[in-house]
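Please open the structure in your viewer and keep the selection panel at hand. The tour proceeds one selection at a time.

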Amino acid sequence: MKSIFKSKRLSAEKVLIVCAFFIAACSNQQQSETPADQIQVAGTMDAELTAPPNVPLPVRNREAKKLIVNMEVLEKEGEMTDGVSYVYWTFGGSVPGSFIRTRVGDEVEFHLKNHPDNKLPHNIDLHAVTGPGGGATSSFVAPGHETQFSFKVINPGLYVYHCATAPVGMHIANGMYGLILVEPEGGLKKVDKEYYVMQGDFYTKGEYGKTGLQPFDMNKAIDEDADYVVFNGKVGSLTGDGAITANVGETVRLFVGNGGPNLVSSFHVIGEIFDKVYVEGGSMINEDVQTTLIPAGGAAIVEFKIDVPGTFILVDHSIFRAFNKGALGMLKVQGEDNKTIYSGKQSEGIYNPEGGSIQEMPGESDIPEEAVAQSLSDRMELGKQVYSRTCFACHQANGEGIANAFPPLANSDYLNADVNRAIDIVLNGKSGEITVNGVKYNSVMTKQVLSDEEVANVLTYVYNSWGNNKTEVTPAMVKSRKTGH
Ligand SMILES: [Cu+2]
């Protein structure tokens, strides 16, 4: 009985293998029969264009078409971050510009319109174009005019487009870049969520956070001394309400570009591993990648399956750019925990290298030789040290916070309203929606591991700085929040 069953299964397998081989051979042959440049187009359609972080619908198995792209250049003022504005030059009104989705063999008829209110001529160089200048000379257009040119997309991949009008660097630095995707025959594999993320570096007369309308600074741009490094054109475009979302069990595909003009991105998602990376946006697939390099004027497609819920932070892992220049976004995931894949914190001890083991957290009395503040000014001094060690990265040097991500501690009505609540936040961390000075935040502050003395000192420092209400917090107050009396 057993042996019969076995041989039957084997023969079934053989049949399958033969079939698979046959299909593979057929489809290979088909591809080599029609080179991409000779694929015939069937009909005309208008291209769907989308602003980030959205992408147009997948091509799936539609036939190659004549694809009409209507792109309008708009020079317009926008917000770089809270209180800071900037005159962006845009393709389609957004930075990065509208996403264009095509398939191999499409013939793109590109209409570039320069709005009559604009001040400058512009053009477009698409890296997906095979031809001199990538379309730049053919598309050069003055304000109040429209140009037209066409091209056939031959190579599949994810490509950058950008303005190439002199001074080229300045046009790119002001936001004139975006992505065009060329899908292979039959389309990319179906995934649950797709998003458009593009990094860019900005150079302003005032340093990071200097308020008002900030002009472009050519000297800083030449020195590659960026004030802002951001995803999707501004600080916080992908945090708070702008965060991209997914559910546990879904597959996510990110189309990631880098407009530059200068910096190379070390793109990373904290707490995720890219199952697949289409290296440099091309056809080579790398697997199990932590951080992928995205050159200025280049792109990558990254894909991963979501296994656990939580907030996953997108960064340029040149990490000061993330925490001090804006290159930080969020992917918020909802769904069931999976404690095998990620447990959450199970226990906490003190790591003692000399003992060579993890030890239990000592009781308060065992904490060795901690400096104890004797006066308010001691407390301020010691509190400032804790602040620059612990809180600074998120709440920033002068408690100003980061728009849409980290609330301000300077002049914070939320802080000043309730000292016990503030102590609890530092002791236990905080998540969920809160309103600080009329602005909503919905993010996560992790629990801070500090002694009662340190909590007292840092909060005293915060309360006695930047226009707050000068409360003094003592270790006894902190202790009573822990013990409840
Ligand atoms: Cu331009």
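Two strands are said to pair if DSSP finds at least two bridges between them. With that term in place, please note that the model is a predicted one.

**The whole protein**

Begin with everything displayed as a cartoon. The protein has 10 helices and 26 strands. Of its 485 residues, 45% are buried. Among contacts with a separation of 6 or more, 68% are between residues 24 or more positions apart.

**First stop: a sheet of six strands**

Select residues 193-202, which form strand 11, and then add strand 13, which covers residues 228-231. The two strands run antiparallel and are joined by 4 bridges. To see one such bridge, display Phe202 and its partner in strand 13, Tyr228.

Now widen the view to the sheet that contains this pair. It is an open sheet of 6 strands, with mixed pairing and the order 13-11-15-20-17-18. Which strands are at the edges? They are strand 13 and strand 18 (285-289), and each of them pairs on one side only. On average, neighbouring strands of this sheet are turned by 20° against each other, direction ignored.

A general remark may help here. Strands of a sheet pair through backbone hydrogen bonds, and the pairing may be parallel or antiparallel.

**Second stop: a sheet of five strands**

Next, display the open sheet with the order 14-22-21-16-19, which has 5 strands and mixed pairing. Strand 14 and strand 19 (291-294) stand at its edges; each has a single partner strand, so one side of each lacks a neighbour in the sheet. Here, too, neighbouring strands are turned by 20° against each other on average, direction ignored.

Select strand 14 (residues 244-247) together with strand 22 (residues 328-334): they pair in the parallel sense over 4 bridges. In this pair, Ala246 has Val333 of strand 22 as its bridge partner.

Then move to the other edge and select residues 265-270, which are strand 16; 4 bridges join strand 16 to strand 19, and the two run antiparallel. Ser265 stands opposite Ile294 of strand 19.

Return to strand 14 and turn on its side chains. In a regular strand the side chains alternate between the two faces of the sheet. Which residues of strand 14 are buried? Ile244 and Ala246 are buried and point to one face, whereas Thr245 and Asn247 point to the other and are not buried.

**Third stop: a cavity**

Rolling a probe the size of a water molecule over the atoms shows where empty space is left. In this model the count comes to 1 cavity of 30 Å³ or more. The largest cavity has a volume of about 50 Å³.

To find the largest cavity, select its lining: Val235, Gly236, Thr239, Ala322, Gly326, Leu328, Ile402, Ala403, Ala405 and Phe406. This lining divides into 7 nonpolar residues, 3 polar residues and no charged residues.

**Last stop: Ala42**

Finally, select Ala42, in the loop between helix 1 (2-33) and strand 1 (44-46). Is Ala42 buried, partly exposed or exposed? Ala42 counts as partly exposed because its relative accessible area is 28%, and this class lies between the limits of 20% and 50%.

Show the surroundings of Ala42 as well. Leaving aside neighbours within four places in sequence, Ala42 is in contact with Glu63, Ala64 and Lys65. Add Lys66 to the view: Ala42 and Lys66 are 24 residues apart in sequence, and their C-alpha atoms are 7.4 Å apart in space.

Methods
Residues numbered from 1 in each chain as written. Predicted model: local features only at pLDDT ≥ 70, side-chain atom pairs only at ≥ 80, totals over all residues. Heavy atoms only, no water. Axes fitted to C-alpha atoms, helices over the stretch in contact; angles between N-to-C directions. 1 Å grid on protein atoms, 1.4 Å probe; cavity = no way out; pocket = protein on both sides within 12 Å on 5 of 7 lines; lining within 4 Å. Points joined across faces, edges and corners; volume = space filled by probe spheres on them. Nonpolar A, V, L, I, M, F, W, Y, C, P; charged D, E, K, R; others polar. Buried < 20%, exposed > 50% of the residue type's maximum accessible area, 1.4 Å probe, protein only. Contact = heavy atoms within 4.5 Å.
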